[in-house]
Amino acid sequence: MVGERDYYEYKKSEFFTQFNEFWNRVGILMEDKYGAEFKNKVIGEIKEEYESIFEEIPYIGGDGNSLTFDLVSAAQNLALYKVLKHHTLPLEEIGKLAYQAEEEYLSKNRELIPPMTRPKYIFYIKRAADESLKKRYPGDWVYEFIEGNEEFDFGTYFTECGIQKFFHKHGADEFIPYLCAMDIIMSKCGNLGLERTQTLAEGGDKCDFRYKGGRKTKVASTVIKKIKDLSL
């Protein structure tokens, strides 16, 4: 059994393979917008930044916590943000790049999106929420499970966000709403029917998720209009 201190080292090859796939998607978009010279200039910096950030990702339960993979994916975007911000790219353009890369990936790999509104997944999410309330890991999410009714299949109230904690340590709070907006992509591609009115990152006192399989996605976001209106 892999211990807490060894987990990320044990999984490093897998996670860095995922990072390379992430970079390939972003790199294509970046070259289209800024040219090959700029892309080639920053590629090494982004990889170095990710290697540094990877060493700081907090342990939150390893493979036993599905949100570990959300945290690792967020770290990829954090490396992208920090390097491109250093190169004075506007926040909105960095956010658009990250959003488009995620949109391209999920639209082509819909089968990878968990069918969260099915009973066996709802049961798992309820157990995971109960476990989060024990607050075993400081860097983890904390959330409450909301039983469904005739209006929705289930919901969650997040009162602590692992990404928000991690990004805050890196001075990247302004970038978090662009990751929150990616839940729109997952809901649409997975037909999850997410409704959300607020997030912690955008000034709310919680992130309030409500899922209803098959209905239209309706998510309040402070940045989605900027993403849609910005031409890259």
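What follows is a working chat about the chain shown above, a predicted model.

Colleague: New to this one. What is the chain built from?
Modeller: Keep in mind that the model is predicted. The secondary structure comes to 10 helices and five strands.

Colleague: And how compact is the chain for its length?
Modeller: As compact as a globular protein of that length, because its radius of gyration is 18 Å and the globule rule gives 17 Å for 232 residues. Along the principal axes, the C-alpha trace spans about 55 × 45 × 35 Å.

Colleague: What share of the residues is buried?
Modeller: Of the 232 residues, 47% count as buried. The chain exposes about 12100 Å². Carbon and sulfur atoms supply 48% of that area.

Colleague: What about contacts along the sequence?
Modeller: Take contacts between residues at least 6 apart in sequence. Of these, 63% join residues at least 24 apart.

Colleague: How many charged side chains, positive and negative?
Modeller: There are 33 positive and 39 negative side chains. The centres of the two sets lie 4 Å apart.

Colleague: On to the strands. In what order do they sit in the sheet?
Modeller: The order is E1-E2-E4-E3-E5. The sheet is open, and its pairing is mixed.

Colleague: Which strands are at the edges?
Modeller: E1 and E5, the latter covering 218-219. Each of them pairs on one side only.

Colleague: Remind me, what holds strands together in general?
Modeller: Strands of a sheet pair through backbone hydrogen bonds, parallel or antiparallel.

Colleague: Start at the E1 edge. How do E1 and E2 pair?
Modeller: In the antiparallel sense, over six bridges. E1 is residues 142-147 and E2 is residues 154-160. The two form a hairpin, with six residues between them.

Colleague: Which residues face each other across that pair?
Modeller: Ile146 has Gly155 in E2 as its bridge partner. Glu144 is partnered by Tyr157 of E2.

Colleague: What sits in the hairpin loop?
Modeller: Gly148 is one residue in the loop between E1 and E2.

Colleague: Is Gly148 buried, exposed or partly exposed?
Modeller: Partly exposed, with a relative accessible area of 35%. Leaving out residues up to four places away in sequence, Gly148 touches Asp153 and Phe154.

Colleague: How far is Gly148 from Leu133?
Modeller: They are 15 residues apart in sequence. In space the C-alpha atoms are 19 Å apart.

Colleague: Next strand over. How many bridges join E2 to E4?
Modeller: Five, and the two strands run antiparallel. Phe158, for one, has Cys207 in E4 as its bridge partner.

Colleague: And E3 with E4?
Modeller: Also antiparallel, over two bridges. E3 is residues 195-196, while E4 is residues 207-211. Arg196 has Phe209 in E4 as its bridge partner.

Colleague: Pick a residue in E4 for me.
Modeller: Asp208 is in that strand. Asp208 counts as buried because its relative accessible area is 12%, under the 20% cut-off.

Colleague: What does Asp208 touch?
Modeller: Thr156, Tyr157, Glu195, Arg196, Thr197 and Gln198, not counting residues up to four places away in sequence.

Colleague: How far is Asp208 from Glu51?
Modeller: C-alpha to C-alpha, 33 Å in space. In sequence they are 157 residues apart.

Colleague: Switching to helices. Which residues of H9 are buried?
Modeller: H9 runs over residues 182-190, and Met182, Ile184, Ile185, Ser187 and Cys189 are buried there.

Colleague: What covers them?
Modeller: The cover includes helices H4 (67-86), H5 (91-108), H8 (176-180) and H10 (224-229), as well as strand E5.

Colleague: What comes just after H9?
Modeller: Asn191, with a positive phi of about 55°. Asn191 lies in the loop between H9 and E3.

Colleague: Why mention the sign of phi?
Modeller: Because most residues other than glycine have a negative phi.

Colleague: Is Asn191 buried, exposed or partly exposed?
Modeller: Partly exposed, at 48% relative accessibility.

Colleague: Where else should I look for a positive phi?
Modeller: Try Lys135, where phi is about 55° although the residue is not a glycine. Lys135 is in the loop between helix H6 (119-132) and E1.

Definitions and conventions
Residues are numbered from 1 along each chain as its sequence is written. This is a predicted model: local features need pLDDT of at least 70, side-chain atom pairs count only at pLDDT 80 or more; totals for chains, interfaces and linings use all residues. Side-chain values use heavy atoms; hydrogens and water are left out. Two strands pair if DSSP finds at least two bridges between them. Helices (H or I, at least four residues) and strands (E, at least two) are DSSP runs, numbered from the N terminus. The radius of gyration is taken over C-alpha atoms; the globule rule is 2.2 Å times the number of residues to the power 0.38. Buried means under 20% relative accessible area, exposed over 50%, partly exposed in between (1.4 Å probe, protein chains only). Contact means heavy atoms within 4.5 Å. Accessible areas come from the Shrake-Rupley method with a 1.4 Å probe; for residues, only the protein chains shown count as cover. Lys and Arg count as positive and Asp and Glu as negative; His and the chain ends are not counted. The place of a charge is taken as NZ of Lys, CZ of Arg, CG of Asp or CD of Glu.
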